[in-house]
Amino acid sequence: MEYRRAGKADIEQFIEHRVEFVTSIRNINDLEDFRETTEVYLKEHIEKDDLLIFLAIDCGKIVASCMVCIFVTAPLPSCTSGKCAEVLNVYTVKEYRKRGCAKKLMILLINETKRKGVQKLLLEYTDDGFHLYQKLGFQDSGRQMVLKL
């Protein structure tokens, strides 16, 4: 098993992996638009410091992944530098679950975001991922709300 950061050569396969994950937890109204906008975003950001994607690859196939988008906000009491990041799409294909792939990828992600000066990681979790994140030190805030514009 190979664990590494994704690059431009991984974009096409990663998009399909991401689509598999997202469609497993929610309905996407316009799947083709989701694919296209994801591709545009990845091509622009995958080699910049504001997006990190980590992959677990077995026999040339992505079997697990996680990504994080890094952003800066005004200083907060919980993040005085204002440098925060949102973890997205932590996903392992069914036949590779319970082997520690997601844990290894999340440790890579946490270490790299720390190295880049990120002080606060945010994520939305599924029931399947809750215990992993808790073991890694994430705390359930239960106070976040969303307004879709």
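This report describes the helices, salt bridges and pockets of a predicted model.

## Helix α1

Helix α1 covers residues 11–25, a run of 15 residues. The distance from its first C-alpha to its last is 21 Å, close to the 21 Å expected at 1.5 Å a residue.

Eight positions of this helix are listed as buried: I11, F14, I15, H17, R18, V19, F21 and V22. The buried residues of α1 pack against one other helix, α2, and against the strands β2, β3 and β4. F21 appears again in the account of the largest pocket, where F21 is among the residues nearest the centre.

## Helix α2 and its end at H45

Helix α2 spans residues 31–45. Within α2, the side chains of E39 and K43 form a salt bridge, with a distance of 2.9 Å from N to O. The two residues are about one helical turn from each other, because they stand four residues apart in α2. In general, an α-helix has 3.6 residues a turn, so residues three or four places apart point the same way. Both partners have intermediate exposure: E39 is partly exposed, with a relative accessible area of 32%, and K43 is partly exposed at 47%.

H45 also belongs to helix α2. Its relative accessibility is 12%, so H45 counts as buried, the cut-off being under 20%. When residues up to four places away in sequence are left out, H45 touches D50 and L51. The C-alpha atom of H45 lies 10.0 Å from that of G7, although the two residues are 38 apart along the chain.

## Helix α3

Helix α3 runs over residues 101–115 and contains 15 residues. At 1.5 Å a residue, α3 should span 21 Å, and its end C-alpha atoms are indeed 21 Å apart, so the expected and computed values agree. After α3 comes G117, which has a positive phi near 90°.

The buried residues of α3 are C101, A102, L105, M106, L109, I110, E112 and T113. Their packing partners comprise the strands β1 (2–5), β2 (51–58), β3 (61–72), β4 (83–92) and β5 (120–123), together with helix α4 (127–135).

## Salt bridges around E112

The structure contains eight salt bridges. Among them, R115 and E112 are joined through their side chains at 2.7 Å, N to O. Both residues are part of α3, and their spacing of three residues amounts to about one turn of the helix. The two ends of this bridge differ in exposure: R115 has a relative accessible area of 59% and is exposed, whereas E112 has 17% and is buried.

E112 takes part in a further salt bridge, to the side chain of K116, with an N to O distance of 3.6 Å. In this pair, both E112 and K116 are buried. These residues belong to a network of salt bridges that links D49, E112, R115 and K116.

## The largest pocket

What is the volume of the largest pocket? The computed value is about 1400 Å³. Its lining is made up of 38 residues, and those nearest the centre are F21, V90, E124, T126 and Y133. Two or more lining residues come from each of α1, β3, β4, α3 and α4.

Which element gives the most to this lining? That element is β4, with seven residues. Sorted by class, the lining of the largest pocket holds 19 nonpolar, eight polar and eleven charged residues.

## The second largest pocket

The second largest pocket encloses about 570 Å³ of space. Here the lining has 21 residues, with L121, L122, L123, Q139 and S141 nearest the centre. By class, nine of the lining residues are nonpolar, eight are polar and four are charged.

Both β5 and α4 contribute at least two residues to the lining of the second largest pocket. The largest share comes from β5, which supplies four residues. Helix α4 is thus named in connection with both pockets: α4 also gives two or more residues to the lining of the largest pocket.

Conventions: Residues numbered from 1 in each chain as written. Predicted model: local features only at pLDDT ≥ 70, side-chain atom pairs only at ≥ 80, totals over all residues. Heavy atoms only, no water. Expected span 1.5 Å × (residues − 1). Buried < 20%, exposed > 50% of the residue type's maximum accessible area, 1.4 Å probe, protein only. Contact = heavy atoms within 4.5 Å. Salt bridge = Lys/Arg side-chain N within 4 Å of Asp/Glu carboxyl O. 1 Å grid on protein atoms, 1.4 Å probe; cavity = no way out; pocket = protein on both sides within 12 Å on 5 of 7 lines; lining within 4 Å. Points joined across faces, edges and corners; volume = space filled by probe spheres on them. Nonpolar A, V, L, I, M, F, W, Y, C, P; charged D, E, K, R; others polar.
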